[in-house]
Amino acid sequence: MILYHGSPERGLAVLKPSVSPFFGKPKQVCLAALRPMALLYGIRHFEYTYGFSDGRLVYEEYFPGAAEELYGGKPASLYLCAQRDGMEETSIPYEFVSGTEVPVEEEIFIPDLYAALLEEERSGNIQIVRWTALSENGREWVRRMEMQEILENRLLAEPDSPRARYMREKYPESWAMARKEMEDGR
């Protein structure tokens, strides 16, 4: 089976285990059995807002125009790797990890991740749910989830960090809710 790894870095011959500063995962190489899932990781980011519905990959915009803003015009490399002994499937559908280096079989340059994701959407390989298509209940759920993210990561205490600035800019209602929650909890 071919597995995919998306990265903003070009020219890798071997994928080396690393630790993400945001997701609390151990030092490992993450790979995906689905091409569009790997494309979502072609950028380094604080959040990846995808999940699965009836086994189908679904990306949801958590703020207006998120997909185009985050992925539009961004180049990346999609690395193809052979599944090998020692790789483990995780609890996340279609995700595999390796604690050791993984040789790259092929690199595919992606000049524009958003264009690639739109092509995957047209092919039926991913559903992209735009912010405008979310119900008010769905939008409120996003606001509350992002408020929890702000509180759990203590971003109010470090408002000038890149992650805090991003959350404050993209989720102003969630930021205000988190501030109120902190003030009410005093």
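Here are a few exercises on the structure above, each with a worked solution.

Keep in mind that this is a predicted model, where local features need pLDDT of at least 70, side-chain atom pairs count only at pLDDT 80 or more, and totals for chains, interfaces and linings use all residues. Residues are numbered from 1 along each chain as its sequence is written, and side-chain values use heavy atoms, with hydrogens and water left out.

**Exercise 1. Work out how the chain's radius of gyration sits against the globule rule.**

Step 1: Grab the rule, which is 2.2 Å times the number of residues to the power 0.38, with the radius taken over C-alpha atoms.
Step 2: Put in 186 residues, and a compact globule should come out near 16 Å.
Step 3: The chain has 18 Å, which agrees.
Step 4: For the extents, the C-alpha trace spans about 55 × 35 × 30 Å along its principal axes.

**Exercise 2. Find out what share of the chain's residues is buried, and where strand 1 stands.**

Step 1: Fix the cut-offs: buried is under 20% relative accessible area, exposed is over 50%, and partly exposed lies in between (1.4 Å probe, protein chains only).
Step 2: Buried residues make up 42% of the 186.
Step 3: Now strand 1, residues 2–7 (strands are DSSP runs of E, at least two residues; helices are runs of H or I, at least four; both are numbered from the N terminus).
Step 4: In strand 1, 5 of the 6 residues are buried, so this strand is largely enclosed by the rest of the structure.

**Exercise 3. Trace the pairing of strand 1 and of strand 4.**

Step 1: Two strands pair if DSSP finds at least two bridges between them.
Step 2: Strand 1 runs antiparallel to strand 6 (residues 76–82), with 6 bridges joining them. Ser-7 has Ser-77 as its bridge partner in strand 6.
Step 3: Strand 4 (residues 50–53) pairs with strand 5 (residues 56–60), also in the antiparallel sense, over 4 bridges. Here Phe-52 has Leu-57 as its bridge partner.
Step 4: Strands 4 and 5 form a hairpin with 2 residues between them, and Asp-54 in the turn has a positive phi of about 55 degrees.

**Exercise 4. Place Asn-137: is this residue buried or exposed?**

Step 1: Asn-137 is found in helix 4, residues 136–152.
Step 2: Its relative accessible area is 67%, so Asn-137 counts as exposed.
Step 3: For a distance check, take Leu-70: Asn-137 and Leu-70 are 67 residues apart in sequence and 24 Å apart in space, C-alpha to C-alpha.
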